[in-house]
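User: I am new to this structure. Please take one part and walk me through it closely, with its salt bridges in view.

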Amino acid sequence: MNKRLNPYTTAPDALKPMMALEEAVANSGLEHSLIELVKMRASQINGCAYCLHMHSADARKAGESEARLYLLSAWHESALYTPRERAALTWTEALTLVSQTHAPDADYEEVLRHFSGEEMVKLTLLIGAINVWNRIAIGFRLHHPNDRAPKAAAA
């Protein structure tokens with residue numbers, strides 16, 4: 001995978017609104033653990049190695065368990081996630097795959113059972129933001145810090 005231009009040095013002013021949105025999401029009052037799970041799940045769906053690397057490290061630093069990170073792609077089948085987290089992950093999947101799901105009423109109603117209207121707006125902004133970051137990282141082929149070719153097997 002060839003790295004493309006660096007959007008941070010090519011157009012830093014263009015990214016300022018995204019950085020402001022990221023700060024607003026971080027200071028939204030949503031639980032840090034929930035924010036990282038949402039970022040991880042959207043990044044899994046989108047296949048964004050750069051964001052998966054970043055947010056798994058951030059989640060671990062904040063005390064997230066390895067088991068919850070490992071099982072996140074199969075959260076539907078795991079009891080490790082709270083009802084509130086499950087609602088957020090449902091909404092994350094619905095909005096990340098919006099061209100397929102069209103944000104079903106059942107998903108919306110499930111989120112409203114666990115989030116206030118204001119929190120739901122904040123959650124939706126979080127989901128939108130990580131999807132934009134995924135598109136920036138994937139589109140410009142950003143490499144995560146440990147991205148290197150695997151070592152050849154010893155003969």
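Analyst: This predicted model holds 10 salt bridges. Several of them can be followed from helix α6.

Start with the helix itself. Helix α6 covers residues 83-96, which makes 14 residues. From its first C-alpha to its last, α6 reaches 20 Å. That is close to the 20 Å expected at 1.5 Å a residue.

Next, its surroundings. Of the 14 residues of α6, 12 are buried, so the helix is largely enclosed by the rest of the structure. The buried residues include the charged R84, E85 and E93. Also buried are A87, A88, L89, T90, W91 and T92. Towards the end of the helix, A94, L95 and T96 are buried as well.

What covers these residues? The cover includes α3 (32-46) and α5 (66-70). It also includes α7 (98-101), α8 (105-114) and α9 (117-139). Two of these helices, α3 and α5, return below as salt-bridge partners of α6.

Take E93 first. E93 forms a salt bridge with R41, and the closest N and O atoms are 2.8 Å apart. E93 lies in helix α6 and R41 in helix α3, so this pair ties together parts that are 52 residues apart in sequence. Both E93 and R41 are buried, which here means under 20% relative accessible area.

Now E85. This residue forms a salt bridge with R68, with 2.7 Å between the closest N and O atoms. Again the pair links distant parts of the chain. E85 sits in helix α6 and R68 in helix α5, 17 residues apart. E85 is buried, and R68 is buried too.

For contrast, look at α9, one of the helices that cover α6. The side chains of K122 and E118 meet there in a salt bridge, at 3.0 Å from N to O. K122 and E118 are 4 residues apart in helix α9, so about one helical turn separates them. An α-helix has 3.6 residues a turn, so residues three or four places apart point the same way. Are the two partners buried or exposed? K122 is partly exposed, with a relative accessible area of 24%. E118 counts as exposed, at 55% relative accessibility.

One more link brings the view back to α6. Salt bridges that share partners join E31, R84 and E119 into one network. R84 is among the buried residues of α6.

Terms used
Residues numbered from 1 in each chain as written. Predicted model: local features only at pLDDT ≥ 70, side-chain atom pairs only at ≥ 80, totals over all residues. Heavy atoms only, no water. Helix = DSSP H or I, 4+ residues; strand = E, 2+ residues; numbered from the N terminus. Expected span 1.5 Å × (residues − 1). Buried < 20%, exposed > 50% of the residue type's maximum accessible area, 1.4 Å probe, protein only. Contact = heavy atoms within 4.5 Å. Salt bridge = Lys/Arg side-chain N within 4 Å of Asp/Glu carboxyl O.
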